[in-house]
Amino acid sequence: MHVHDVDKVELPGLLMELSHLYFEQLGTEREVDVKTVVKETTEEEVYQCSDCMTMYNEIYGDITQNIPPKTTFESLPETYECSLCEAPKSSFKKKVLVK
Ligand SMILES: [Zn+2]
């Protein structure tokens with residue numbers, strides 16, 4: 001009988017505690033997510049092909065055309081073409097991405 005009494009008293013309390021922990025963790029995770037998003041919000045300039053929407057990102061360059069990372073769009077050769085649809089460099093339009 002004694003054991004039964006203990007079970008009845010402690011089980012709801014234990015469940016409460018567990019669900020509290022659960023929601024605390026949820027809350028914590030959400031806070032961390034928000035902070036991470038705020039911290040990583042950056043503006044990124046890319047150049048987008050107006051024909052097929054392919055983007056040239058100076059950070060990555062264009063490995064398909066031997067353009068090394070950190071090559072500015074301006075310094076791309078005039079012969080640069082869209083890697084997908086072969087549109088000329090002049091078809092690219094500057095675009096600011098907000099992440
Ligand atoms: Zn294109």
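So, E45 first: this glutamate is partly exposed, with a relative accessible area of 39%. Before I go on, please keep in mind that we are looking at a predicted model. What does E45 pair with? Its side chain meets that of K94 in a salt bridge, 3.5 Å from N to O. The two residues come from distant parts of the chain, since E45 sits in strand β1 and K94 in strand β3, 49 residues apart. As for K94, its relative accessibility is 51%, and because the cut-off for exposed is over 50%, it counts as exposed.

Now let's step along strand β1 to E44. Is E44 buried or exposed? It is buried, with a relative accessible area of 11%. E44 has a lysine partner too: the side chains of K99 and E44 form a salt bridge at 3.6 Å, N to O. Here again distant parts of the chain are linked, with E44 in strand β1, residues 43-49, and K99 in the segment after β3, 55 residues away.

How many salt bridges does the count come to? Three. The one I haven't shown you yet joins K89 and E78, whose closest N and O atoms are 3.4 Å apart. Both residues lie in the loop between β2 and β3, so this bridge ties together parts that are 11 residues apart in sequence. Have a look at the two ends of that pair: K89 is buried, at 8% relative accessible area, whereas E78 is exposed, at 67%.

Right, on to the metal. Which residues coordinate the zinc ion? Four cysteines do the job: C49, C52, C82 and C85, each through its SG atom, at 2.3 Å. If you like to spot these things in the sequence, the donors follow the spacing C-x2-C-x29-C-x2-C. Two of these cysteines show how the site brings the chain together: C52 is in the loop between β1 and β2, and C85 is in the loop between β2 and β3, so the pair ties together parts that are 33 residues apart in sequence.

And the geometry? The angles among the four donor atoms run from 102 to 115°, and the site is tetrahedral. For comparison, the ideal angle for four tetrahedral donors is 109.5 degrees.

One last detail on the cysteines. C52 is partly exposed, with a relative accessible area of 25%, and C85 is partly exposed as well, at 35%.

That's my tour, so thanks for listening, and do point at anything you'd like to go back to.

Notes. Residues are numbered from 1 along each chain as its sequence is written. This is a predicted model: local features need pLDDT of at least 70, side-chain atom pairs count only at pLDDT 80 or more; totals for chains, interfaces and linings use all residues. Side-chain values use heavy atoms; hydrogens and water are left out. A salt bridge is a side-chain nitrogen of Lys or Arg within 4 Å of a carboxyl oxygen of Asp or Glu. Helices (H or I, at least four residues) and strands (E, at least two) are DSSP runs, numbered from the N terminus. Buried means under 20% relative accessible area, exposed over 50%, partly exposed in between (1.4 Å probe, protein chains only). Donors are N, O and S atoms within 2.8 Å of the metal (3.2 Å for Na, K and Ca); water is not among the atoms, so sites may look incomplete. Four donors count as tetrahedral if all angles lie between 85 and 135 degrees; four count as square planar and six as octahedral if opposite donors are over 155 degrees apart and all others between 65 and 115; anything else is irregular.
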